[in-house]
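Let's take a walk through a protein model together. Keep the picture open while you read, and look for each part as it comes up.

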Amino acid sequence: MDERRTGCADWHHSRRELVGRMADTIVPLDGAALDAGAAALAAESRGITRRKALIGAGGLAIACSALPKLGVRGMFEAAQAQAQSDPNARILVSIYLDGGNDGINTLVPIGDARYRQLRSRIGIPDADLLPIAGQPFAWHPSMAGVKALYDAGKVAVLPAVDYANPDLSHFNSQIFWRTGVVGQSADRSGWLGRTIDLIGNTENPLQAVSVGWGLDPILLTRRAPVATVFDPGDFGFWIPGVWQDDAALRPYRAALSGARSPARKSAQRAYRSAISVFDQLAGLRAEGDTPPAPPVAYPDDNLGKGLRNLARILGAGLGTRVATLHQSGYDTHDQQSTEHAELLKVLSDSLVAWQADLDARGLSDRVMTLVWSEFGRRAEDNDSGGTDHGAGGLVMVIGNHANGGVQSEFPGLTNLDGEGNLLVTTEFRSLYATVLEGWMGVPAAAVLPGVDGRRLPLFR
Amino acid sequence: MSTRPAPTVDRVARLRVERLYWRAGFGALPGEVNALARQPIGRVVQSLLTPRGAQLRRGPAPKVDGQPIDPFNEWGHDVLWWLDRAVRGRHPLVERMTLNWHDHFATSNSKVSDAKLMLTQYRTIRAHALGTFRGLAQAMLRDHAMQRFLDLDNSHKRAPNENFARELLELFTLGVNNGYTERDIREAARALTGFTFDWETKRFGFDPERHDAGVKVIFGRRGNFDAADVVDLAINHPRHAPYLCKKLWGYFTPRPCPPATLRRMVSAYRGSKTQIKPVLSIILTHPALYADLGEPDQVKPPIVYAAGMLRKTGRFVTFRDWSWLLDDMGQRPFYPPNVNGWDQDTAWMSTASVRARYSAASRIIKEMNIEDGSLSANQTPAKALEAALAATGDPWISPQTRAALMRYARTSVAGRTEKWEVKHYFPERQRVLRHLLLAGPDAQVS
């Protein structure tokens with residue numbers, strides 16, 4: 001790579017090379033293969049641009065030199081153009097249940113005689129459960145809303161999803177689920193970040209929205225810009241005592257040129273991208289504190305608010321392809337019954353409001369929602385009225401085109417692993433691969449290196 | 001606060017000192033730049049390497065919401081505690097190397113879940129930060145936060161846990177696939193068995209019954225190796241010194257390490273029996289560190305950015321917001337994202353992180369309390385910029401930024417002659433100028 005031509009000096013990547021696991025046998029994340037995949041995808045997609053082809057062919061180095069030439073204004077216009085280029089593109093929304101949701105008490109295996117023995121302290125009484133006709137399962141009483149979606153055929157549910165030999169640590173399991181790589185990896189990019197690197201572009205940060213305040217590691221890309229927005233009406237550049245964010249940004253916009261070093265370029269690129277998001281959200285900001293009410297009220301909780309905000313962003317047609325949210329509090333080591341019921345109520349009611357909102361906006365055929373957690377919990381409850389870290393988590397795939405039903409094998413409560421956990425019947429990477437290929441139209445191996453050929457019947 | 005360069009102080013010498021203190025510390029205090037710039041850079045480096053006197057600057061510990069920082073009981077205060085050390089520290093290189101070693105021996109309280117163990121680890125790292133790497137690595141082996149983080153506690157000879165053994169070779173001493181085999185990891189894991197932790201009593205210990213005292217073969221050598229032997233074997237491995245020296249170099253500059261310099265570092269490191277100071281001395285006096293002083297080439301890590309902002313404006317950690325601000329910037333000390341530590345340099349920059357950096361400056365502007373009516377219409381654009389530079393520690397800015405600031409200083413108050421306009425817009429101009437100096441793209445790099 002000619003340094004002068006690209007402006008991206010090789011030395012810039014030396015530390016990563018030093019730590020060096022890019023080419024490691026454990027985690028063969030092949031940057032070149034990803035870039036080749038991006039080029040192929042770009043060529044297939046309509047409206048291929050020279051910029052895209054260049055980036056696909058040359059990878060990171062060209063991408064980072066090409067970007068600074070585009071000013072904030074240019075970036076904004078390119079983003080708008082991109083957003084309008086494919087108004088029917090499919091969207092994936094990930095909801096992470098933070099802490100390890102107790103799948104066994106979410107979709108209760110009432111047909112399994114061991115349930116009452118193992119859950120003597122926090123088993124849910126039969127009378128309260130919401131049974132599924134013709135299945136040995138029943139929904140938690142808080143999941144009435146999800147049950148209605150399930151009965152309408154819009155929920156594919158998967159018990160016992162995890163990875164082989166799960167290590168039961170939040171820390172490690174979160175990293176594995178977020179990166180899509182089981183094992184330590186120097187490449188921290190998230191599986192949806194790499195997806196956006198493949199199908200996205202270098203101009204529109206709103207193609208991937210981390211609904212929150214910090215960047216969700218799932219959306220960590222290698223080059224594509226992504227956005228972090230909780231409330232689009234509140235995404236500003238506020239300085240105390242400065243009456244208008246636009247005034248504050250004026251000198252900022254003017255200070256984004258003349259960089260030579262990769263460090264300065266990266267700082268300018270980040271500002272350009274953040275300011276571009278601000279510009280793109282102007283329309284939603286103009287709605288003020290009283291945007292149109294959704295058809296079904298969302299719970300007054302960060303998950304409910306986040307989904308409501310996200311529906312507004314999707315409704316504005318800003319080119320979003322993936323978005324992520326999370327709901328905290330699922331690490332229920334003690335006093336689980338009350339807490340878990342409250343969490344699931346918020347989750348279920350949020351999902352119902354979300355689906356209704358998408359319907360009303362004419363988006364529900366384009367959006368698929370993936371609900372997951374880093375692990376399930378121990379089959380037997382503990383002395384504190386809770387459950388400890390387990391394996392085999394519950395996953396739900398929700399949408400008009402979800403293949404409703406129980407779509408993976410439940411291993412039962414009789415044969416547990418050595419630590420008393422559910423046996424893992426389904427690898428989460430098979431789930432991801434199915435979502436990538438079956439919903440996003442992305443070759444799974446380009447995002448999940450070394451993934452095997454197993455796929456699940458998730459869509460229709 | 002006098003920040004204009006005295007005529008006798010060379011501008012280049014000032015830039016050199018500023019860069020050194022951003023890379024080897026958390027930014028020079030505005031009041032010390034000129035005095036440092038009058039010394040040869042070698043002597044400044046020497047004084048960084050041989051810190052004397054109290055660890056913290058004089059004066060009372062800052063209060064957050066009226067209370068002392070309480071890292072053990074208040075949410076987010078562990079992060080504030082670290083930031084406060086960086087802001088008030090009198091031994092910048094020691095504090096900065098403590099941060100670098102925390103990245104190298106990355107241990108997260110997300111898994112450890114015990115702030116006391118984390119702060120103990122901080123103190124252990126700090127005590128060895130400029131000592132020998134061998135001393136540091138042996139201390140990390142015995143560090144309880146580390147033992148818990150990499151599952152060394154309760155690794156039993158019947159089922160040795162390989163986590164620590166793997167990272168010891170992969171990350172701490174040799175580098176990935178750099179001179180060892182999977183068998184070395186398994187054998188090392190056997191030697192590392194026997195440490196215990198009792199969840200009930202919270203006590204750490206060592207149980208000889210659980211330790212595999214048998215013969216192991218590691219790197220082709222055979223012996224009844226124990227845990228300390230494994231660390232020594234790794235440090236004495238021929239691939240270790242180049243790996244570590246190159247990694248240390250990478251913390252201070254993104255430029256490539258010249259092979260001759262690497263050889264010099266390796267020789268100094270081995271010759272001194274793993275002393276860290278001789279290596280740092282070579283790096284910190286190297287021309288590559290001071291190349292192109294008019295074009296900063298490294299992104300400031302969030303903690304350096306935050307602490308530097310406070311130091312340059314003469315402030316201290318007085319609000320809790322730093323905890324979430326640093327989180328949103330992507331660097332909460334005590335919570336590295338994985339065993340590999342933080343991705344450095346340009347990886348710090350994202351749409352989200354830059355907004356958090358912007359918000360941090362907004363918080364500082366709020367603290368500065370520039371009231372409406374406090375500035376008159378007589379303040380010329382040039383004077384306004386001069387005042388803003390003085391209030392923000394006279395940071396480096398590019399010609400583009402200077403031009404943008406001057407244009408803004410002129411246009412933002414043009415035609416604002418009504419009394420109410422003067423009252424608001426002249427202070428508003430000052431707020432925006434300072435903000436851009438604190439958080440603009442140029443402020444992100446050193």
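In chain B, buried residues make up 62% of the 446 residues. Keep in mind that this is a predicted model, so every value here is computed from it.

Let's stay with chain B for its overall build. Chain B contains 21 helices and six strands. Its C-alpha atoms fill a box of roughly 85 × 50 × 40 Å along the principal axes. What radius of gyration does chain B have, next to that of a compact globule? Chain B has 25 Å, and this agrees with the value near 22 Å for a compact globule of 446 residues. On the outside, chain B exposes about 17000 Å², and carbon and sulfur atoms supply 50% of that area. As for contacts in chain B with a separation of 6 or more, 75% of them are between residues 24 or more positions apart.

Now for the inside. The largest nonpolar core has 248 residues, and among those with the most contacts inside it are Trp191(A), Trp354(A) and Trp101(B). Another core, of 11 residues, lies apart from it and includes Ile104(A), Leu129(A), Ala138(A) and Ala160(A). Back to Trp354(A): leaving out residues up to four places away in sequence, Trp354(A) touches Val93(A), Tyr298(A), Leu307(A), Leu310(A), Ala311(A), Leu314(A), Val367(A) and Thr369(A).

Next, find strand 5 of chain A, residues 155-162. Is strand 5 mostly covered or uncovered? Strand 5 is mostly covered, with eight of its eight residues buried. Here are the strands of chain A that pair with strand 5:

| Partner of strand 5 (chain A) | Direction | Bridges | Residues that stand opposite |
|---|---|---|---|
| Strand 10 (residues 393-398) | antiparallel | five bridges | Val155(A) and Ile398(A) |
| Strand 11 (residues 405-406) | parallel | two bridges | Ala156(A) and Gly405(A) |
| Strand 12 (residues 426-427) | parallel | two bridges | Asp162(A) and Glu427(A) |

Chain A also has an open sheet of three strands, in the order 2-4-3, with antiparallel pairing. Strand 2 (107-108) and strand 3 (130-131) are its edge strands, and each pairs on one side only. Two bridges link strand 2 to strand 4 (residues 138-139) of chain A, and Val108(A) stands opposite Ala138(A) there. You have met Ala138(A) already, as one of the residues in the core of 11.

Over in chain B, strand 3 (residues 195-198) and strand 4 (residues 203-206) pair in the antiparallel sense over four bridges. Phe197(B) stands opposite Phe204(B) in this pair. These two strands form a hairpin with four residues between them, and Lys202(B) takes a positive phi near 60° in that hairpin.

Why look twice at a positive phi? Most residues other than glycine have a negative phi. Asp65(B) is not a glycine, yet has a positive phi of about 50°. You'll find Asp65(B) in the loop between strand 1 (63-64) and strand 2 (67-68) of chain B. Asp65(B) is exposed, because its relative accessible area is 55% and the cut-off for exposed is over 50%.

Asn154(B) has a positive phi too, near 65°. Its place is the loop between helix 9 (144-149) and helix 10 (163-173) of chain B. Asn154(B) counts as partly exposed, at 33% relative accessibility.

Note on methods: Residues numbered from 1 in each chain as written. Chains lettered and ligands numbered in written order. Predicted model: local features only at pLDDT ≥ 70, side-chain atom pairs only at ≥ 80, totals over all residues. Heavy atoms only, no water. Pairing = 2+ DSSP bridges. Core = buried A, V, L, I, M, F, W, Y, C linked by side-chain atoms within 4.5 Å. Buried < 20%, exposed > 50% of the residue type's maximum accessible area, 1.4 Å probe, protein only. Contact = heavy atoms within 4.5 Å. Rg over C-alpha atoms; globule rule 2.2 N^0.38 Å. Areas by Shrake-Rupley, 256 points an atom, 1.4 Å probe, with all protein chains shown as cover.
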